[in-house]
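Visitor: Could you take me closely through a single part of this model, the surroundings of its largest cavity, and describe the aromatic contacts there?

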Amino acid sequence: MATLPHLFLLLILFLSFNSSLAALLNLNVLTFGAKPDGTTDSTNAFLSAWTRACASTNLATIYVPKGRFLLRSIIFRGKCNNNAISFRIDGTLVAPVDYRIIGKADNWISFQYVDGVSIYGGKLDAKGTGLWACKNSGKACPSGATTLSFSNSKNVVVDRLTSLNSQMFHIVINGCHNVKMQGVTVIASGNSPNTDGIHVQLSSGVTILNSNIQTGDDCISIGPGATNLWIEKITCGPGHGISIGSLGKDQNEAGVQNVTVKTAKFMGTQNGVRIKSWARPSSGFARNIVFQHIVMKNVENPIVIDQNYCPGNKNCPDQVSGVKVSNVRYQDIHGTSATQVAVKFDCSAKHPCSGIRLEEVKLTYKNEVAEASCKHAAGTISGAVQPTSCL
């Protein structure tokens with residue numbers, strides 16, 4: 001038989017549990033007029049749900065049930081009255097079929113100045129194939145929109161999200177702090193132009209885990225001002241690999257530092273792990289970079305530093321890169337190269353690459369010995385290194 005103190009304790013626990021439930025604000029987008037038919041414009045309904053969540057001082061969840069929800073370009077803007085708004089998505093958000101409707105905007109779905117936003121699940125279908133066809137035909141086309149953008153935000157979580165057929169970049173992290181992305185899936189054709197999977201710039205404390213990226217450009221691209229990045233358990237292909245850069249596009253540019261790429265697999269990609277900069281004066285740099293525990297399968301350029309980057313060799317600056325590349329470690333990298341030169345360090349004549357370290361690297365080309373090429377690069381090797389180092 002329960003004693004009075006026990007009953008009193010149970011009452012306190014019950015009241016506490018119910019008060020915590022009351023403090024949770026649950027918002028279903030259907031309540032605000034969203035239609036899961038894929039043809040009715042649900043943009044205003046989603047904005048109304050966001051406005052309600054952002055105005056609340058309680059924790060808030062915006063729920064998107066199964067179905068297809070048509071959205072035009074949409075901005076979820078802070079600052080909010082609470083720092084814990086979650087999107088739980090069981091459905092698919094779809095862009096208009098006419099790529100011109102969102103193609104002239106910078107972003108399709110954008111979060112600006114938010115703190116504590118989380119996205120769990122869901123699919124984003126940007127329907128980018130029409131714009132890719134336009135670009136590949138040589139016609140005059142809009143630039144296209146990034147599918148999902150976070151800018152000037154902090155404490156962001158993206159978990160188990162799928163991005164399909166983005167017009168331009170799939171996901172962009174710009175000017176953010178403390179971002180965690182895990183279980184992300186990116187899918188686009190290998191010939192889709194400028195469809196970087198995840199792009200990070202001017203941001204710190206970004207973690208990308210357990211993600212599968214298939215696209216037509218860099219699987220992950222790391223731009224100026226990115227610091228303290230941890231990237232682990234990534235599968236990339238098709239795509240252009242994981243790239244730091246391009247750097248040096250501007251003369252006054254923030255550097256990249258403290259980046260770790262660990263336990264990654266590249267399959268049939270144009271590049272594996274790459275650092276690239278334009279051949280022009282710049283204050284930029286890339287330093288304290290680690291690439292480790294990586295498998296290459298039929299990769300065209302498994303390990304590359306390219307400080308004469310100029311895609312398509314059009315309007316190349318043809319100067320000398322001012323970007324300083326230093327303290328880059330390649331450890332436990334194995335697999336096959338699709339070209340004979342498996343390791344290429346093409347560094348700046350004015351600021352040679354320094355502190356390059358190769359440790360336990362084994363790359364082959366058609367079951368033959370691959371080659372390495374070095375220009376203006378200095379460093380050390382340890383353990384078995386194949387192809388024979390040119391450092």
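Guide: What follows deals with the largest cavity and the aromatic residues associated with it. The model is predicted, so local features need pLDDT of at least 70 and side-chain atom pairs count only at pLDDT 80 or more, while totals for chains, interfaces and linings use all residues. Residues are numbered from 1 along each chain as its sequence is written, and side-chain values use heavy atoms, with hydrogens and water left out.

The largest cavity holds about 90 Å³ of space, where a cavity is a set of points, on a 1 Å grid over the protein atoms alone, at which a 1.4 Å probe fits but cannot get out, and lining residues have an atom within 4 Å of a point; the volume is the space filled by probe spheres set on the points, which are joined across faces, edges and corners. Its lining includes Phe46, Phe76, Phe87, Ile89, Phe111 and Leu161, and by class it has 11 nonpolar, no polar and no charged residues (Ala, Val, Leu, Ile, Met, Phe, Trp, Tyr, Cys and Pro count as nonpolar, Asp, Glu, Lys and Arg as charged, and the others, Gly among them, as polar).

Phe76, Phe87 and Phe111 also belong to one aromatic cluster, together with Trp50 and Phe150. Within the whole structure, a search finds 11 aromatic pairs; in one of them, Trp50 and Phe87 are stacked, at 6.1 Å centre to centre and 15° between the planes (rings of Phe, Tyr and Trp, the last by its six-membered ring, pair if their centres lie within 6.5 Å, and planes under 30 degrees apart count as stacked).

Definitions and conventions
Phe/Tyr/Trp six-rings, centres within 6.5 Å; stacked < 30°, edge-to-face > 60°. 1 Å grid on protein atoms, 1.4 Å probe; cavity = no way out; pocket = protein on both sides within 12 Å on 5 of 7 lines; lining within 4 Å.
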